[in-house]
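User: Please take one part of this model and look at it closely, then set it against the rest of the chain. Give the cut-offs for each term as you go.

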Amino acid sequence: MLKQKGILSKNYLLLWSGQLVSQMGNRLYLMALSWYFVSELGDNTALFLVFIFSSLPSLLFGAFVGPFIERWNKKHIMIGCDFICAALVGVLAWLVSINEAHNYIIYAVCFLLNTMNLFFSPSVNSMIPSILDEDSYQQGMSYMKMITFLGQIMGAAVGGLLVGFFGVYLTILINAISFFISGLAEIFITYKPEIVQKTGSYISDLKSGLKYAWSDKTVRSVLTVSIACNLFIPTFMVFLPIVIKTHLGLDARHYGFADAMMPMGAVVMAVFLSKVKFNLQPLQVLATGIGGLAAAFMLTVFLPYYPVIMFSVFCYGCFTNFINIQVITYFLHRVDKDFRGRFFSILESFSFASISISYVLSTILSSQFDTKIAILINAVCLIIITLTALMLQRSVDKVNVKA
């Protein structure tokens with residue numbers, strides 16, 4: 001096994017740098033589309049459809065990806081996904097330049113990009129234990145999340161300016177280039193695939209993965225709470241351009257600066273968690289993070305001023321990354337290596353399936369209520385989930401004491 005000790009190893013740094021470039025491009029791309037639908041078309045429903053189509057692949061076939069990932073070289077999967085995404089986004093940039101990028105084409109590209117992400121993200125998560133030792137898992141995951149959001153900060157910081165001065169075409173083209181550079185960086189990663197025991201067909205592997213995930217009460221509870229909170233957390237950033245444009249009457253530059261606060265908060269939390277380890281149980285971690293997110297939602301509703309909204313978005317980034325890093329680190333330690341590919345694909349599948357539902361629910365809410373009321377409803381639901389997580393933790397603790 002070619003396992004290297006720390007986060008300064010060549011393999012980890014190549015993966016890290018590739019993610020920086022790719023995430024920067026992704027942020028530019030999402031900002032361009034969001035502002036295009038809200039500002040130029042004035043079509044909030046079309047904006048929600050972009051996010052619905054983006055999360056739809058997980059709902060349809062995400063759970064089937066795990067056995068595939070375990071049977072193939074994860075490095076090759078990552079490289080292939082990045083190059084395919086570069087081609088897809090490049091074609092979209094060309095269509096935009098000749099004014100032929102109809103809404104249905106944008107929806108299709110979003111669908112295909114996130115189909116690739118179904119293969120890419122679990123490959124990265126399950127590959128990290130092969131290039132870092134166990135003591136570096138949390139630090140490695142923290143820095144990986146940090147670079148993800150650092151790229152988003154860089155993308156958001158210049159995204160508003162690029163959209164304002166150069167339009168959608170250039171922003172999308174930069175995203176295509178970023179995917180290509182990320183794929184090139186991954187070619188030079190030295191990685192020896194882990195030998196995983198095969199149980200038979202893809203279907204039997206999938207069933208055994210589901211059975212494994214459901215057999216542990218704590219893992220099952222963490223998965224359930226995570227999926228539940230994903231019904232209400234993601235749409236905060238979808239509501240953001242609507243609040244900035246419709247309620248505050250501000251322009252793309254203000255949206256860009258506000259949008260940059262989310263990854264900035266995530267980076268601050270990633271740096272903090274790379275230095276500090278908590279002794280909280282996983283459900284306590286979820287309760288802390290979800291409660292903090294509910295508070296951020298409330299601030300946006302009751303103090304709708306631009307500086308307060310920027311602070312709320314910053315807190316949103318902090319608490320979202322707090323949950324992500326702590327929970328994924330827990331799973332890296334808890335899940336057996338023979339099930340990592342299947343488990344992380346199941347996690348991705350269920351998470352994005354719940355996100356798909358959240359966009360549908362938010363589309364309905366935004367059509368029936370004012371945006372602030374829709375955000376408030378999400379906040380109340382998050383408070384309920386926070387209390388549920390604490391109750392589940394007590395139940396798990398009682399079982400452990402009896403054992």
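Analyst: The starting point is K74, which lies in helix α4, residues 74-97. Helices here are DSSP runs of H or I with at least four residues, strands are runs of E with at least two, and both are numbered from the N terminus. The model is predicted, so local features need pLDDT of at least 70 and side-chain atom pairs count only at pLDDT 80 or more, while totals for chains, interfaces and linings use all residues. Residues are numbered from 1 along each chain as its sequence is written, and side-chain values use heavy atoms, with hydrogens and water left out.

K74 has a relative accessible area of 5% and therefore counts as buried. Buried means under 20% relative accessible area, exposed means over 50%, and partly exposed is in between, with a 1.4 Å probe and protein chains only. Apart from neighbours within four places in sequence, K74 is in contact with I69, S123, S126, M127 and Y191; contact means heavy atoms within 4.5 Å.

For the wider setting, the protein chain has 15 helices and 0 strands. Of its 403 residues, 57% are buried. Among contacts with a separation of 6 or more, 88% join residues 24 or more positions apart. The exposed area of the protein chain is about 16,700 Å², and carbon and sulfur atoms supply 69% of it. Such areas come from the Shrake-Rupley method with a 1.4 Å probe, and for residues only the protein chains shown count as cover.

Next, the interior. The largest nonpolar core has 120 residues, and F331 and L382 are those with the most contacts inside it. Helix α13, residues 306-334, gives this core its largest share, 15 residues. A nonpolar core is a set of buried Ala, Val, Leu, Ile, Met, Phe, Trp, Tyr and Cys residues joined through side-chain atoms within 4.5 Å. Not counting residues up to four places away in sequence, L382 touches C229, F232, I233, I290, L293, A294 and F297.

F331 also appears among the contacts of F343, which touches A213, V219, L223, F331 and V335 when residues up to four places away in sequence are not counted. F343 sits in helix α14, residues 340-368, and is buried because its relative accessible area is 1%. Its C-alpha atom is 8.6 Å from that of P122, although F343 and P122 are 221 residues apart along the chain. Another pair separated in sequence is L162 and G256, 94 residues apart, with 10.0 Å from C-alpha to C-alpha. L162 is in helix α6, residues 137-166, and counts as buried at 14% relative accessibility.

On the surface, I177, F180, I181, L184, I187 and F188 form a nonpolar patch with about 550 Å² of accessible area together. Patch residues have over 30% relative accessible area and no salt bridge; like charges are joined within 9 Å, and nonpolar side chains (Val, Leu, Ile, Met, Phe, Trp, Tyr) within 5 Å. A salt bridge is a side-chain nitrogen of Lys or Arg within 4 Å of a carboxyl oxygen of Asp or Glu. I177 belongs to helix α7, residues 168-187, and is partly exposed at 45%.

Last, the cysteines. With a disulfide taken as a pair of cysteine sulfur atoms within 2.5 Å, the count is 0. The closest cysteine sulfur to that of C318 is in C315, at 6.1 Å, so the distance is too far for a bond. C318 is buried at 10% relative accessible area, and C110 is buried at 2%.
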